[in-house]
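Let's take a walk through this protein chain together, one stop at a time. Have the sequence and the 3D view open, and look for each residue as we reach it.

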Amino acid sequence: MAISRRSFIQGSAVSALGLAAGVAPKFSFAADSKDAIKIASILDLSGGLDIYGKPMSNAINLAAEEINAAGGLLGRPLQVINYDAQSNMQLYAQYAQQAALKDKVAVVHGGITSASREVIRPMLDRFRSLYFYPAQYEGGVCDRNYFSSGSTPAQTVEKLVPYAVKKWGKKVYVLAADYNYGQIVSAWVKKSVHDNGGEVMAVEFFPLDVTDFGAAISKIQSAKPDMVWSALVGGAHISFYRQWHAAGMSGKIPIASTVFGGGNEHIILSPEESNGILVAANYMQEIPSPENKAFVERFHARYGANTPYISDLAMGAYQGMLIWAEGVRKAGDIDRMKVIEALESGVTLTSPSGKLSVDPATHHCSLDVHIAEVENHQMKILETFTDQAPVDTAMVCDLKKNPRDTKQYQIEL
């Protein structure tokens, strides 16, 4: 038995609830009308991925506070229950079950890695608890109980590769995290490089706990690519950029990435270690829109002027809350199926990242993508692509035709 690291629920012990696999609960997941609407946030607030989880949690809680300040939803306040999964897949499973069955939340926002998502997604399907996944990911999940508020490779890789190939050249060396995200994104990079007349010279995968990249750097030096594509993830993998600079490679062979900055790597690293890296993402703190400037001011007012840079992953968490809240308003209810049907009827809103529209057939979002260059701890935005559709997932998913689908498809590339 372990003690749950969570806020708002006091002194609660966590244990398995002993439900047989496939047995759905017999009670409603909607909170009592006299109580607050409970929302679960299941993220890594400690452990190796807390560099992502902490700002995401802050964003979810800020969204709830802002909704409450505006009168709540349906005249009721929101109560966020924050679970610390501690970068542990067993705790993800444990807390997803607890959120759905014991705490009876109306919705779960959570998961960072694709592995954590695929631990909790089938559980929440079985327990009929609505699930919002806030992170950019490899695409392909087709599940009516699931909504994605982050970007997919067709929206980011497909924009950054041609930009980088035109700028630097056609020979690309890929480094990636060794799990399904890194593997599938690497396949997208290979496809896009080929489509743009280039060549992927090599792809190397690294477990999330690897910190020594000396051998890989030596191989890259020998291969002499025009650029390195990084799909490295997590606190351990930040060592690559430091070792790359220490080897004298900064400025010699450039780097492009659609994940760099998600853990505030450009803030943690020195300018000498990170300047010049090209990045593509749905959100950057430097977006000059009035909506984003006001959001940044509110975020800093809530968490302090010295709060870390607001990441793309944090924005995914924030706009996931906005989308769910809009679904509740449109449905006039927090009932899971009523909210799903309301979102499937069409929802478009303006978030700090830009225009955001829910695609009814895939439960993914059309959104803006920004290309930027790291410059002295900042993201210098170079180009913006508006209203980018999740075409990769749309290639394999149509929940209008197949509403009972729950698969993650690996798109043939």
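We start with a cysteine that has no partner: the sulfur of C365 is 13 Å from the closest cysteine sulfur, in C397, so that distance is too far for a bond. For a disulfide, two cysteine sulfur atoms have to be within 2.5 Å. C365 is also buried, at 2% relative accessibility. Here, buried means under 20% relative accessible area, exposed means over 50%, and partly exposed is in between, using a 1.4 Å probe and protein chains only.

Before going on, a word on what you're looking at. This is a predicted model, in which local features need pLDDT of at least 70 and side-chain atom pairs count only at pLDDT 80 or more, while totals for chains, interfaces and linings use all residues. Residues are numbered from 1 along each chain as its sequence is written, and side-chain values use heavy atoms, with hydrogens and water left out.

So which cysteine does C397 pair with? C397 is joined by a disulfide to C142, with 2.1 Å from S to S. The two ends come from distant parts of the chain, 255 residues apart: C142 sits in the loop between β7 and β8 (146-148), and C397 in the segment after α13 (391-394). The labels for helices (H or I, at least four residues) and strands (E, at least two) are DSSP runs, numbered from the N terminus. The link of C142 and C397 is right-handed, with 75 degrees about the S-S bond, and both cysteines are buried. The count of disulfides comes to 1.

Next, find H370, which belongs to strand β16 (residues 365-375). Is H370 buried or exposed? With a relative accessible area of 4%, H370 is buried. Its side chain makes a polar contact of 2.8 Å with the side chain of T384. A polar contact is a pair of N or O atoms within 3.5 Å; within protein, one must be able to donate a hydrogen and the other to accept it, and residues adjacent in sequence count only if both atoms are side-chain atoms. Setting aside residues up to four places away in sequence, H370 touches a list of residues that includes V279, N282, Y283, S353 and E383. Contact here means heavy atoms within 4.5 Å.

From H370 we can hop to Y283, in the loop between β13 (278-281) and α10. Y283 is buried too, with a relative accessible area of 2%. The side chains of Y283 and N292 are joined by a polar contact of 2.6 Å. Y283 also shows how the fold brings residues together: Y283 and S353 are 70 residues apart in sequence, yet 5.1 Å apart in space, C-alpha to C-alpha. Among the residues that Y283 touches, beyond those up to four places away in sequence, are F295, S311, M315, S353 and H370.

S311 is our next stop, in the loop between α10 (290-303) and α11 (312-331). It's buried, with a relative accessible area of 1%. A polar atom of the S311 side chain lies 3.1 Å from the backbone nitrogen of A314. Leaving out neighbours within four places in sequence, S311 is in contact with P55, G261, G262, N264 and Y283.

Now for a helix, α3 (114-127). How far should its 14 residues span? At 1.5 Å a residue they should span 20 Å, and the end C-alpha atoms are 20 Å apart, which agrees; the expected span is 1.5 Å times one less than the number of residues. The buried residues of α3 include S114, R117, I120, L124 and F127, and this buried set packs against α2 (89-102), β6 (107-110), β7, β8 and α5.

Right after α3 comes R128, whose phi is positive, near 55 degrees. R128 is partly exposed, with a relative accessible area of 46%. L74 also has a positive phi, about 55 degrees, although it is not a glycine. L74 lies in the loop between α1 (50-69) and β5 (78-84) and counts as partly exposed at 42% relative accessibility.

Last, look at strands β9 (residues 171-177) and β10 (residues 199-206), which run parallel and are joined by 7 bridges. In β10, A202 is the bridge partner of Y173. Strands pair if DSSP finds at least two bridges between them. Together with helix α5 (residues 180-195), β9 and β10 make a right-handed β-α-β unit. Right-handed means that, with the strands pointing away from the viewer, the path from the first strand over the helix to the second runs clockwise.
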